Amino acid sequence: MKLEEFKALLLERKLELEEVLRGLRGELEGVDGCEIKDEGDERSFLLESYRGEQLYLQQLRELKEVEEALKRIERGEYGICEMCGEEIGEARLRAKPYARYCITCKSLLEEEARRKN
C-alpha cells in the first residue's frame, strides 16, 4: 500500500471518529434531562453514563492517534517504529494505520505492562 492510500484511510477514519464523537457528546449532554424515579433508575443512569464516557474517551484517544499519524506523514516519519526505528510492517499498518510501533516492539511494551500489573 502506498503512503497516499494510508493517508486516505487515516483521513476517512478521522471523519468517522469526529462524527461518532459528536453523537456521543450529544448523548452525554442529553443525559442531564433524564428522570430518576428510584434507586434502580439511578444505577442504570450511572452505568450508562459511565459506559458512554468510557466509549467517548476511547474514541477520543483513537482520534488523537490518527491525527498524530497524519502529522508523521507530513514529517516523513510515517511507518517507522518510534521505539526501534525500523519500518512497521505493511500488514500491521493495514490493520492499524495509526500504529506507532512495529509488532515486535508493541509485544515488548505489552509484556512489560503485564509484568507491572
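Arginine 72 sits in helix α2 of this predicted model. Its relative accessibility is 4%, so arginine 72 counts as buried. Leaving out residues up to four places away in sequence, arginine 72 touches Glu77, Tyr78, Glu82, Tyr98, Ala99 and Arg100. One of these partners, Tyr78, returns below in an aromatic pair and in the nonpolar core.

To place arginine 72, it helps to look at the whole chain. The protein has 4 helices and 0 strands, and read from the N terminus the order of its elements is α-α-α-α. Helix α1 covers residues 3-30, α2 covers 39-75 and α3 covers 90-95. Helix α4 takes in residues 103-116. Of the 117 residues, 24% count as buried. The protein exposes about 8500 Å², and carbon and sulfur atoms supply 50% of that area. Among contacts with a separation of 6 or more, 57% are between residues 24 or more positions apart.

A second residue of helix α2 is glutamate 62. Is glutamate 62 buried or exposed? With a relative accessibility of 10%, glutamate 62 falls under the 20% limit and therefore counts as buried. Not counting residues up to four places away in sequence, glutamate 62 touches Arg13, Leu17 and Tyr98. Tyr98 was also listed among the residues that arginine 72 touches.

Glutamate 18 gives another view of the chain. This residue lies in helix α1. Its relative accessible area is 23%, so glutamate 18 is partly exposed. Which residues does glutamate 18 contact, leaving aside its neighbours within four places in sequence? They are Leu63 and Glu67. Glutamate 18 and leucine 63 are 45 residues apart along the chain, and their C-alpha atoms are separated by 7.5 Å.

Next come the aromatic rings. A pair of aromatic rings is described by the distance of the centres and the angle of the planes. The structure holds 1 aromatic pair. In it, the ring centres of phenylalanine 6 and tyrosine 78 are 5.7 Å apart and the planes stand at 45°, so the pair is tilted. The pair links distant parts of the chain: phenylalanine 6 belongs to helix α1, while tyrosine 78 is in the loop between α2 and α3, 72 residues apart. Phenylalanine 6 has a relative accessible area of 4% and is buried. Tyrosine 78, at 11%, is buried as well.

In soluble globular proteins, nonpolar side chains tend to be buried together. The largest nonpolar core here has 20 residues, and Leu10, Val66, Tyr78, Cys81 and Leu93 touch the most other members. Both α1 and α2 supply at least two residues each to this core. The largest share, 6 residues, comes from α2. Leucine 93 can be followed further: apart from neighbours within four places in sequence, leucine 93 is in contact with Phe6, Tyr78, Gly79, Ile88 and Ala99. Phe6 and Tyr78, both on that list, are the two residues of the aromatic pair.

Cys81, one of the core residues just named, leads to the question of disulfides. A disulfide is a covalent bond between the sulfur atoms of two cysteines. How many disulfides does the structure hold? The count comes to 0. Cysteine 81 is in no disulfide, and the nearest cysteine sulfur, that of cysteine 105, is 3.7 Å away. For cysteine 102, the closest cysteine sulfur is also in cysteine 105, at 3.6 Å. Why is there no bond between cysteine 102 and cysteine 105? The cut-off is 2.5 Å, so a distance of 3.6 Å is too far for a bond. Cysteine 81 has a relative accessibility of 3% and counts as buried. Cysteine 102, at 10%, counts as buried too.

The last stop is serine 107, in helix α4. At 36% relative accessibility, serine 107 counts as partly exposed. A polar atom of the side chain of serine 107 lies 2.9 Å from the backbone oxygen of isoleucine 103.

Methods: Residues are numbered from 1 along each chain as its sequence is written. This is a predicted model: local features need pLDDT of at least 70, side-chain atom pairs count only at pLDDT 80 or more; totals for chains, interfaces and linings use all residues. Side-chain values use heavy atoms; hydrogens and water are left out. Rings of Phe, Tyr and Trp (its six-membered ring) pair if their centres lie within 6.5 Å; planes under 30 degrees apart count as stacked, over 60 as edge-to-face and the rest as tilted. Buried means under 20% relative accessible area, exposed over 50%, partly exposed in between (1.4 Å probe, protein chains only). Contact means heavy atoms within 4.5 Å. Accessible areas come from the Shrake-Rupley method with a 1.4 Å probe; for residues, only the protein chains shown count as cover. A polar contact is a pair of N or O atoms within 3.5 Å; within protein, one must be able to donate a hydrogen and the other to accept it, and residues adjacent in sequence count only if both atoms are side-chain atoms. A nonpolar core is a set of buried Ala, Val, Leu, Ile, Met, Phe, Trp, Tyr and Cys residues joined through side-chain atoms within 4.5 Å.
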